Amino acid sequence: MSVQPAPMNRAGAAGQFAAGSLALLLVIGIMAGIARLPWGFADPALRFVGNHPILDAFLKAFIVVNFIAIHVLLLIWWERKYAGWMQVRLGPMHVGWKGLAQTAADAVKLLTKEDIIPTKADRPLFLIAPFLVFIPTILTFMVLPFSLTWVGYDYPLAALYVIAVSTVTAIGIMSAGWGGNNKYSLLGGVRAVAQLLSYEIPMVIVVLAMVAVTGTMSMTELVTQQDGLWNIIKQAPVAIPGFLIFLVCALAELNRAPFDLPEAESELVSGFHTEYSGMRFAFFFLAEFANNFFSAGFAVILFLGGWLGPAILPPALWFAIKTVVVITLMMSIRWTLPRLRIDQMMGFCWKLLVPASLVVFCIAAFWAIR
Amino acid sequence: MAVTTTEITSKGMTVNLGPQHPSTHGVLRLIVDLDGEIVRSCRPVIGYLHRGLEKMFEVRPYRQNVPFTDRLDYLASLNNNLAISQAIERIGGLAVPERAQYIRVLLCELNRIASHLVFLGTFATDVGATTVFLYAFRERERVLDLLESMTGARLTYNWIRAGGVPSDLPEGFGVRTRAFFRDFHPALSDNDRLLTGNRIFRARCEGIGVISRHLAISYAASGPVARGSGIDFDLRRAAPYEVYDRLEFDVPVLPEGDVMARYRVRIEEMRQSVRICGQCLKWLDENPGSEIMTKIPKVFKPPAGEAYSRTESPRGELSFFMVSDGTPNPVRVHIRAPSFVHLSLLPEMLKGVKIADAIAILGSLDTVLGEVDR
C-alpha cells in the first residue's frame with residue numbers, strides 16, 4: 001500500500017523547458033539556414049519574379065500567409081509547454097516529439113469539424129467576421145522586417161500604417177459578437193471593442209513618442225538607427241516607460257490576461273467566438289497568436305534593436321529570438337495574474353495609462369530637442 | 001436648424017448562467033437580468049440534482065443511510081458521515097470509544113483541508129488566476145492520497161460509521177501526514193504571495209459582495225460565510241462534539257463581510273486544521289488502543305424519540321434531524337444543509353453588482369449543489 005506521492009520533479013520540468021526552447025530555436029534556425037543556402041540554380045527565376053510587380057507581390061503574400069500559419073503552430077505549442085511548466089504539469093506529450101505536432105493535429109481536427117452557423121445568426125456578419133479579424137493581421141505582417149532585406153514591403157510610414165490597420169480588428173470582433181446572436185458573444189464583443197479602442201490611445205501615443213525621438217516611421221530605419229545601442233538604452237528616459245506602457249497595452253489589445261475580459265471563460269463562456277466552430281474558430285485563434293507575434297515583434301523593433309545582434313546568428317534569427325522572449329514574458333504574465341473587472345480595466349487605461357503616456361510624450365519632446 | 005431628438009430606450013437582457021456554464025459550481029442555474037454589465041436581479045433555480053435523499057432515508061435501516069451522505073457535500077463526505085453518525089448515535093444512545101473520536105476528528109479535518117483547497121482552486125479560476133487551481137489541486141492530491149490509504153476511496157469515503165470507525169489508522173499514516181503538513185505550510189505561504197497579496201486579486205475581492213452582520217444572522221448563515229461577516233461562531237467551539245473541547249485551535253473571524261474576508265477565513269482555517277490534526281496524531285501515538293467501534297445489534301432498533309446533531313462542516317452548520325418510532329427505519333430525516341442557506345443569500349447580494357463580481361461572489365459562498373438539492 002504505497003501511496004506516498006513522488007516529490008514533484010522540478011529538475012525534469014526545467015529539462016523539458018530547456019529542451020523545448022532548444023527545439024524552437026532549432027526550427028527557426030533551420031528556416032534561417034535554408035534562406036542562406038546559395039540558391040544559384042534558382043537565381044534567374046527569382047530575379048524574374050522579383051522584378052515582376054505582380055508575381056513579386058504574390059510571392060511575398062504567399063510567404064507571409066504561410067509564415068503566419070506555421071509559426072502559430074509553434075507558438076501555441078510553446079505556450080502550452082510553457083504554461084505546463086509554470087503549472088507543474090507536462091503539457092502536450094503524445095503527438096510528435098514532446099507533443100510538437102499536437103497543434104498540427106488540432107488544426108486537422110478543426111478542419112474536419114462541421115462548420116456550424118446558428119439558425120438565428122446574422123449570416124453575413126457571422127460569416128465575414130473571422131476574415132475581418134484575420135486580414136488586418138496579414139496586412140501588418142507585410143511591413144514587419146525580419147532583417148534589412150527580409151521585409152515584405154519597406155513602407156516609410158510603417159509605424160502609422162500598422163496602427164491604422166490593426167484597429168480594423170475591432171470591427172471584426174464586434175461583428176462576430178453581434179452576428180452569433182448569442183448574449184454572451186454580444187457582451188464579449190462589446191467588451192472587446194471598448195477595450196481595443198481605449199488601449200489603442202496610450203499605445204499610439206507611446207509609438208508616436210518613439211517616432212518623435214527617432215525621427216522616422218520606417219521600421220527598417222528604426223532598427224538601423226539602433227546599431228550599436230538599442231533604443232531602450234539609447235533613448236532610456238522615453239523608451240523604458242514607453243516599453244512598459246507598450247507591453248501593457250499590447251496585452252490588452254491581444255485580450256490576454258489580466259485583460260482577457262472579452263473571452264473571460266468564467267463569466268462569458270468563450271466571449272465573442274462562443275458560437276464559432278471548426279475553421280472559423282481556428283481563424284480567430286490564428287489571428288490572436290499572429291497578433292501576439294506581431295505586437296512582440298513591433299516592441300522588439302521599437303525598443304530592443306530589431307534584428308541587430310552579434311553576427312554568430314543570422315539577423316532574422318536574432319529577431320525571432322527576441323520576439324519569442326517578449327512573447328514568453330507575456331505568457332508569464334498571462335498565467336500568473338487574475339483578471340481585472342471591466343470598470344477597473346477601463347479606469348486603469350483612462351486614469352493611469354493615458355496620462356502616463358502623455359507624460360512620456362512630453363519627455364520625448366524635451367529629449368528630442370536636447 | 002431643426003433638431004430631431006430620438007428617445008433611446010434600452011431594455012435589459014436576461015441570461016441564463018448555467019446549468020451548463022463554466023463557472024457555476026455544479027448544476028446551478030441563475031436567471032440573471034442584466035443592464036449592460038450590471039446585474040439587476042438574480043433568481044437561482046435549483047433542483048437539477050434532487051435525488052430525494054431525505055425520503056430514501058425513511059425506507060432503509062439507520063446504518064444503511066450513511067453511504068448516501070457521501071453524495072450530499074461530495075467535497076467533504078467524511079464530515080457528512082460524521083453528522084449522520086452522530087444523529088444515529090444520539091437516537092440510539094450509543095457511546096463512541098475515545099480513540100475512534102480522535103480518528104474521526106483527524107479525518108474530518110483532513111477532509112476540511114481538501115475541501116477548502118478545492119474552494120481555493122475554483123475561486124481563483126473564477127477571478128481568472130488559472131495557475132492557482134493546479135497548485136491547489138497538487139496539495140489536495142496529497143490529502144486524497146492520505147485519505148485513500150485510510151479509507152480506500154478518494155471522494156466518497158463512507159468511513160465514519162454509527163458507533164465509531166471500522167478500522168484503526170494504517171501503518172505509517174502519522175509519518176506521511178506530518179510529511180504532508182511540512183510541505184503544506186510553505187505551499188500556503190506561496191499562495192499568499194501569488195494570490196492573496198496580488199493587487200488585482202485584492203481589487204477584485206475587497207469590498208465586493210458584502211454580507212452585513214445583520215444580514216448574515218437573519219439568513220442564519222454559518223461557517224466561513226458567517227465568520228467572514230464578523231460573527232464569532234464555530235460549532236466546534238460553541239457546541240463541542242467528539243473531542244474538540246480537548247483540542248486547541250483558533251477560530252478566525254473577520255469583520256469585513258466581503259469576498260476577501262470569506263477567502264481569508266478559509267485559508268486560515270486550513271492552518272488551524274493542520275494544528276488540530278497534529279494534536280490528534282500526537283494523542284493517537286501516545287494512547288495506543290484497539291477499541292474503535294461500539295457493539296451494535298444486527299437489527300438496530302433505537303427507542304422512539306428524536307435526535308438532532310450539529311456539526312461544523314467546511315461549508316457551515318450541517319445538521320441532521322432524525323425521528324424514530326422504534327422500528328428499524330427512521331420515520332423522518334431532515335438535513336440542514338449550509339449551502340442551501342447560503343445560496344438563498346445570493347439574490348440579496350447580487351443586486352447591482354457587475355457580472356464579473358457575481359461570479360466571484362458565487363464562488364466565495366462555496367456552495368456544493370449536491371447538498372443544496374439533496
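Q: Let's start with a pairing I can trace in the viewer: in what sense do β2(B) and strand β3 (residues 38-45) of chain B pair, and over how many bridges?
A: A good place to begin. Strands of a sheet pair through backbone hydrogen bonds, either parallel or antiparallel. In this predicted model, β2(B) and β3(B) pair in the antiparallel sense, and seven bridges join them. To find the register, look at B:Leu34, whose bridge partner in β3(B) is B:Val39. Another pair to look for is B:Arg29, which stands opposite B:Val45 in β3(B).

Q: What do β2(B) and β3(B) form, and how many residues lie between them?
A: They form a hairpin, with two residues between the strands. Look at the turn as well: B:Gly36 has a positive phi of about 70° there.

Q: Which strand pairs with β2 (residues 29-35) of chain B over five bridges?
A: That is strand β1 (residues 13-17) of chain B, and the pairing is antiparallel. You can check the register at B:Thr14, which faces B:Asp33 in β2(B). Put the pairings together and you have an open sheet of three strands in the order β1-β2-β3 of chain B. Its edge strands are β1 and β3 of chain B, each pairing on one side only. From one strand to the next, the twist averages 20°.

Q: What is the order of the strands in the open sheet that contains β5 of chain B?
A: The order is β4-β5-β6 in chain B, again three strands with antiparallel pairing. Here β4 (305-313) and β6 (332-336) of chain B are the edge strands, with partners on one side only. Neighbouring strands in this sheet are turned by 10° against each other on average, direction ignored.

Q: How many bridges link β4(B) to β5 (residues 316-324) of chain B, and where can I check the register?
A: Nine bridges link them, in the antiparallel sense. For the register, find B:Ser313, which stands opposite B:Gly316 in β5(B).

Q: Which helix lies across β4 and β5 of chain B, and at what angle to β4(B) does it run?
A: It is helix α3 (residues 77-92) of chain B, running at about 155° to β4(B).

Q: Stepping back, how many helices and strands does each chain have?
A: Chain B has 15 helices and six strands. Chain A has 15 helices and zero strands.

Q: How should I read the radius of gyration of chain B?
A: Set it against the value for a compact globule. With 374 residues, such a globule would have a radius of gyration near 21 Å; chain B has 22 Å, which agrees. For the outline, the C-alpha atoms of chain B fill a box of roughly 95 × 50 × 35 Å along the principal axes. In chain B, 49% of the 374 residues count as buried.

Q: What share of the residues of chain A count as buried, and what share of its contacts join residues at least 24 apart?
A: Of the 370 residues in chain A, 46% count as buried. Among chain A contacts between residues at least 6 apart in sequence, 78% join residues at least 24 apart. The corresponding figure for chain B is 71%.

Q: Which residues of helix α6 (residues 158-166) of chain A are buried, and why are they on the same side?
A: The buried ones are A:Ala158, A:Ala159, A:Val162 and A:Ser166. They cover an arc of only 105° around the axis, which puts them on the same side of α6(A). Their cover includes α5 (123-142), α7 (169-179), α8 (183-214), α9 (219-224) and α13 (278-303) of chain A.

Q: Where is A:Val88, and what is its phi?
A: A:Val88 sits in the loop between α3 (53-86) and α4 (102-112) of chain A. Its phi is positive, about 55°, although it is not a glycine. A:Val88 is partly exposed, with 15 other C-beta atoms within 10 Å.

Q: How many residues does each chain bring to the contact between A and B?
A: Chain A brings 26 residues and chain B brings 32. On the chain A side, α12 (265-268) and α15 (342-368) each supply at least two residues. By class, that side has 14 nonpolar, five polar and seven charged residues.

Definitions and conventions
Residues numbered from 1 in each chain as written. Chains lettered and ligands numbered in written order. Predicted model: local features only at pLDDT ≥ 70, side-chain atom pairs only at ≥ 80, totals over all residues. Pairing = 2+ DSSP bridges. Helix = DSSP H or I, 4+ residues; strand = E, 2+ residues; numbered from the N terminus. Axes fitted to C-alpha atoms, helices over the stretch in contact; angles between N-to-C directions. Contact = placed C-beta atoms within 7 Å. Buried ≥ 20, exposed ≤ 12 C-beta atoms within 10 Å, placed from the backbone. Arc of directions from axis to C-beta. Nonpolar A, V, L, I, M, F, W, Y, C, P; charged D, E, K, R; others polar. Rg over C-alpha atoms; globule rule 2.2 N^0.38 Å.
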